Amino acid sequence: MKAAARGSFIGRCARLLLSLATGTSLLASGSAISREAPPSGPGTGHHPVLMISIDGLRPGDITDAEARGLRVPNLRRFLKTGTFASGVTGVLPTLTYPSHTTLITGAAPARHGIVNNTTFDPMAFNQDGWYWYASDVRAQTLWDSAGAAGLTTGNVHWPVSVGAKLTWNLPQIWRTGHADDAKLLRALATPGLLDELQPQAGTYAAGIDESVEADEVRARFAERLIARHHPDFLTVYLTGLDHTQHAEGPGSAPAHAVLERIDTAVGKLIVAERAARPDAVIVVVSDHGFAPVDTAINLSRVLIDAGLLKLTPPDPFGKVKIASWEAAAWTSGGTIAVMLARPEEAALRERVRSLLLALKADPANRITAILEPDAIARAGGNPQAAFYLALGDGMMAVPYLGPTVPLRIPAPSKGMHGYLPEDPRMQSTLLIAGPGIPAGLDLGHVDMRAIAPTVAAEMGLTLSGAELPVLDLTVVRKR
Ligand SMILES: [Zn+2]
């Protein structure tokens, strides 16, 4: 919502046989992350990787597709031919940009630096600017690691990709939805790439367009990119399911229809990748789950009323702006980071804590927890936040929307995420298939930070900022 090297097949088999023979798992050990640098050049047997993200895809929509009346044959095929997670436990907050940066670095937001979708803007003048720029990412990405090893890299619309060092990049960027946005995208994309792909792929989708039709356009561009350049590592991001779940609710008929169309687009991408790179490993991930909502809480109301957020007098046109702030709500869907202008000032912290406790005492606000810095640090969340408010069932947060908005309003959408990562509804998806990947292996519940180092290992790479070892894909377990 916007407003919103490589492990060879032979090598893998050898590792599998060895691990079966010895009862150990080479990939499960921490040493798998830091194993020797990959050999370079062609013929080394390391796998290309196609990594597709379907924003907001709940794992049950694949594992329980039949019971939910969903026809998603291309995604369902991973359950039989590949390895999958019953669920992926995400990061604080379970939001698109922080999660996608974890998916590509293996680090939590506290380390990789993308702590929210939107950048901190307590004066509300940045026109809802998001963390579009790769320069804000403080941990090594899969793109960085692949590029450093001499592999070719591509990206279609993955979050936080503007300015990322890639061989072929169509980054995610938008401003207002005005036609000028297309000029901005063209200026930031790899020079010549749009012109090269457009004759066969059509007109590229506007960055602000989150429809499934835009997903289908971007998938066509990814297909053309694969066919023409055979990238060693390609990321593709599809956003229509998230958009529709926000608008219509998770599990709604429109959301199901969108997911079925995305499944078709993913099927075409897989065909293209298998044609170009028969030895590719294909990974499908999502960033978070979804939950239905009915009410929104506007923490700025409390801060304004307490004098912690001061407003200007109306200008001659009646417009009121934020004049100054001592405490601010940096909202993230199902959670709110509460920021202090002077975090070292104990009196200010205590004053805000009292306000938050009073809010939590009213059950109508559905605040389930107030996290303080120790708990935020344990969760890998924003180190600058003085508090995190965790919201409960049906409740979402809204950012500052104006001077007269009350504390609680009807939710502006039907579905939301951003809740604490331990909320089972926030579980996300991991599907992986390709040479050497076990068929029908259920990994159970996976920590999202383990995905990027595992993808790196498939390419024979390492990730310096990854916080967890490579997933064990060698030991075949029964479901
Ligand atoms: Zn998302």
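Strand E12 (residues 335–340) pairs with E14 in the antiparallel sense, over four bridges, where strands are DSSP runs of at least two residues, numbered from the N terminus, and two strands pair if DSSP finds at least two bridges between them. The model is a predicted one, in which local features need pLDDT of at least 70 and side-chain atom pairs count only at pLDDT 80 or more, while totals for chains, interfaces and linings use all residues. Residues are numbered from 1 along each chain as its sequence is written.

**Partners of E14**

- On the E12 side, threonine 335 stands opposite alanine 390 of E14, and alanine 337 has tyrosine 388 as its bridge partner in E14.
- Strand E13 (residues 367–371) also runs antiparallel to E14 and is joined to it by four bridges, with alanine 369 having alanine 390 as its bridge partner.

**The sheet**

- These strands belong to an open sheet of four strands in the order E11-E12-E14-E13, with antiparallel pairing.
- The edge strands, each pairing on one side only, are E11 (327–332) and E13.

**Burial of E14**

- Strand E14 (residues 387–391) is mostly covered, since five of its five residues are buried, where buried means that 20 or more other C-beta atoms, placed from the backbone, lie within 10 Å of the residue's own.
- In a regular strand the side chains alternate between the two faces of the sheet.
- Both faces of E14 are covered, with Phe387, Leu389 and Leu391 buried on one side and Tyr388 and Ala390 buried on the other.

Key
Buried ≥ 20, exposed ≤ 12 C-beta atoms within 10 Å, placed from the backbone.
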